[in-house]
Amino acid sequence: MSAFRFESGRMGMYFGWSGQTAVILGSAKGFEWDVAPMPVGPAGRFTPMKGNTLAIYKESRHPREAYEFIKFVTSAKSEMWICGRLRRWITTHKSVAANPEYLTAYGPPSHTDVFLHEMDYGHKIPINENYNQWSLNSPTA
């Protein structure tokens, strides 16, 4: 493991996406860690936000099944598990976000409400033809 990765225990702070929580949880051993809001700078608070896409290939041989899977995985019940227990992404359902079970921490991170509150300061990242180059060259890649 690289000494420059958060999981090494040698970094004091790391910027990452909410979906990386599960990866860190599985590999950060031997030290306590949590999540925190983005720092406030002279221009205020800026939380970069992006979404993940679920799509069905237009030439899929099983479009109905693919659609049913997307419906299932994005349902409130599934998001309670995927977003609440596994911390893979932030829920898209207000009912899930308002459910105390969603914010229950079963281990690090303890302050899971940070992800929801940071959306108040969210600014959409421009996903365009340059995004992959920027993303691959960013310090968190």
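**Cavity lining**

I sorted the lining of the largest cavity by class: five nonpolar, two polar and two charged residues. The model I am reading is predicted. I then listed the lining itself: S18, T21, C83, R87, R88, W89, I90, Y102 and F115. I looked up the volume of this largest cavity and found about 50 Å³. How many cavities of 30 Å³ or more are there? I count one.

**F115**

I picked F115 from the lining of the largest cavity for a closer look. I placed F115 in helix α6, which covers residues 113-118. Is F115 buried or exposed? Its relative accessible area is 17%, and buried means under 20%, so I logged F115 as buried.

Next I asked what F115 touches, not counting residues up to four places away in sequence. I found S18, T21, V35 and I90. Among the residues lining the largest cavity I also find S18, T21 and I90.

I checked one distance as well. F115 and N130 lie 15 residues apart in sequence. Their C-alpha atoms are 26 Å apart in space.

**Cores**

Which residues make up the largest nonpolar core? I noted seven: F6, I24, A28, W33, V35, V114 and F115. F115 thus appears in this core and in the lining of the largest cavity. I also found a second, separate core of five residues, including M80, C83, V96 and L116. C83 of that second core is also on my list for the cavity lining. As background, I noted that nonpolar side chains tend to be buried together in soluble globular proteins.

Terms used. Residues numbered from 1 in each chain as written. Predicted model: local features only at pLDDT ≥ 70, side-chain atom pairs only at ≥ 80, totals over all residues. Heavy atoms only, no water. Core = buried A, V, L, I, M, F, W, Y, C linked by side-chain atoms within 4.5 Å. Buried < 20%, exposed > 50% of the residue type's maximum accessible area, 1.4 Å probe, protein only. Contact = heavy atoms within 4.5 Å. 1 Å grid on protein atoms, 1.4 Å probe; cavity = no way out; pocket = protein on both sides within 12 Å on 5 of 7 lines; lining within 4 Å. Points joined across faces, edges and corners; volume = space filled by probe spheres on them. Nonpolar A, V, L, I, M, F, W, Y, C, P; charged D, E, K, R; others polar. Helix = DSSP H or I, 4+ residues; strand = E, 2+ residues; numbered from the N terminus.
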